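Dear colleague,

Please find below the structure that I am handing over to you. My notes on what was found in it follow directly after.

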Amino acid sequence: MPISGENMAREPEQIQREVLEKYAENFPSIYLDVVRHADLSTISWAPLMYRHPWRIIFGNLNKGNITVAGDAMHPMTPELGQGGGSSLEDAVVLGRHIGNSIIKNGGQFVEGDMAKAIDDYVKERRWRAALLVTGSYLSGWMQHGGAKWWERFIRDRLFFKYIFGFLAGLAHYNCGNLPAVSSSGKED
Ligand SMILES: Cc1cc2nc3c(=O)[nH]c(=O)nc-3n(C[C@H](O)[C@H](O)[C@H](O)COP(=O)(O)OP(=O)(O)OC[C@H]3O[C@@H](n4cnc5c(N)ncnc54)[C@H](O)[C@@H]3O)c2cc1C
């Protein structure tokens, strides 16, 4: 049963009980032991966040020198395990654009040029982030799909055979090199 914001338990004891009795009752006992012995003060849950890919491609992600990165830019479902990876990619790409702007301007922060650098960062990240969000969602949709024969056929014979390998391969990505400067401020 999907857990939505409305039907989520709030109290740690209740969350623990629901996990053990409703959502994970068929899990291996070693897993259930971890849940059973968990420190109640550490238990909470929150709905999975997701942003529609078209909102990443066409939405406003920057204004002047301000922008977003990581989950704030592209929250995604967890099936490809790329939320954190893509946040680190953002950091490298943003660092590259900011660094190049500062180097180009002789070590100075020049407002108009920085706004352009940030705009270039957003342009570079939009499609990649939208692809990961879409791939993660599609992957989750398939994995959590039903057990009817045609659903199993699509999942096991088509999706995992022909599509999942491509999606899993999206984890490999070259963010480009960060610019390097010497301690004197000159570009290396
Ligand atoms: C259970 C789980 C498993 C995951 N597994 C993987 C995985 O295997 N691989 C993977 O790539 N990703 C994984 N992720 C996703 C990954 O953790 C996130 O995508 C990643 O942490 C996002 O990084 P972020 O810096 O954008 O946001 P966050 O890590 O959420 O960092 C945001 C920070 O901002 C702080 N903050 C919020 N509001 C304010 C404020 N007003 N002022 C100051 N600070 C503030 C928060 O406290 C937080 O420290 C997983 C996530 C979860 C929950």
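Is R155 buried or exposed? The relative accessibility of R155 is 12%, and because buried means under 20%, R155 counts as buried. Please bear in mind throughout that this is a predicted model.

**Surroundings of R155**

R155 belongs to helix α6, which covers residues 149-169. Apart from residues up to four places away in sequence, R155 touches M142, Q143, G145, G146 and F160. One of these, G145, sits in the loop between α5 and α6. G145 has a relative accessibility of 33% and therefore counts as partly exposed. Although ten residues separate G145 from R155 in sequence, their C-alpha atoms are 7.9 Å apart in space.

D156 is also found in helix α6. With a relative accessible area of 41%, D156 is partly exposed, whereas R155 is buried. From D156 to Q143, a separation of 13 residues along the chain, the C-alpha distance is 9.4 Å.

**Packing of α5 and α6**

The contacts of R155 lead to the question of how the two helices pack. Two packed helices are described by the angle between their axes and the distance between the axes. For α5 and α6 the angle is about 155° and the axes are 11 Å apart. Since angles over 145 degrees count as roughly antiparallel, α5 is roughly antiparallel to α6. Their crossing is left-handed.

On the α5 side, the residues that meet α6 are G135, L138, S139, M142 and Q143. Their counterparts in α6 are I154, R155, F159, F160, F164 and L167. By class, this contact comprises seven nonpolar, three polar and one charged residues.

G135, which lies in helix α5, deserves a separate remark. Its relative accessibility is 4%, so G135 counts as buried. Leaving aside neighbours within four places in sequence, G135 is in contact with L80 and L167. The C-alpha atoms of G135 and I98 are 29 Å apart, with the two positions 37 residues apart along the chain.

**Packing of α4 and α5**

Helix α5 (residues 111-143) also packs against helix α4 (residues 83-104). The two axes come within 9 Å and cross at roughly 160°, which means that α4 is roughly antiparallel to α5. The crossing of α4 and α5 is right-handed, while that of α5 and α6 is left-handed.

From α4, the contact is made by S86, E89, D90, V93, L94, R96, H97, I98, S101, I102 and K104. From α5, the residues concerned are D113, M114, A117, I118, D120, Y121, E124, R125, R128 and L132. Sorted by class, the contact has nine nonpolar, three polar and nine charged residues.

S101 is placed in helix α4. Its relative accessible area is 3%, so S101 is buried. Not counting residues up to four places away in sequence, S101 touches Q108, D113, M114 and A117.

**Packing of α1 and α2**

What is the handedness of the crossing of α1 and α2? It is left-handed. Helix α1 covers residues 12-23 and helix α2 covers residues 29-36. Their axes come within 10 Å and cross at roughly 165°, which makes α1 roughly antiparallel to α2.

In this pair, Q16, V19 and L20 of α1 meet Y31, L32, V35 and R36 of α2. The classes represented in the contact are five nonpolar, one polar and one charged residues.

**Annotation from the record**

An unreviewed UniProt entry places the feature "domain: FAD-binding" at residues 59-133. Over that range the chain is 60% helix and 5% strand. The C-alpha atoms at the two ends of the range are 15 Å apart.

In summary, the α5 and α6 pair is roughly antiparallel, as is the α4 and α5 pair and the α1 and α2 pair. Among the residues described, R155, S101 and G135 are buried, while G145 and D156 are partly exposed.

Yours sincerely

Key:
Residues numbered from 1 in each chain as written. Predicted model: local features only at pLDDT ≥ 70, side-chain atom pairs only at ≥ 80, totals over all residues. Heavy atoms only, no water. UniProt positions renumbered as here; feature names shortened; annotations may be inferred. Helix = DSSP H or I, 4+ residues; strand = E, 2+ residues; numbered from the N terminus. Axes fitted to C-alpha atoms, helices over the stretch in contact; angles between N-to-C directions. Parallel < 35°, antiparallel > 145°, perpendicular 65-115°, else oblique. Left-handed = near helix turned anticlockwise from the far one by under 90°. Contact = heavy atoms within 4.5 Å. Nonpolar A, V, L, I, M, F, W, Y, C, P; charged D, E, K, R; others polar. Buried < 20%, exposed > 50% of the residue type's maximum accessible area, 1.4 Å probe, protein only.
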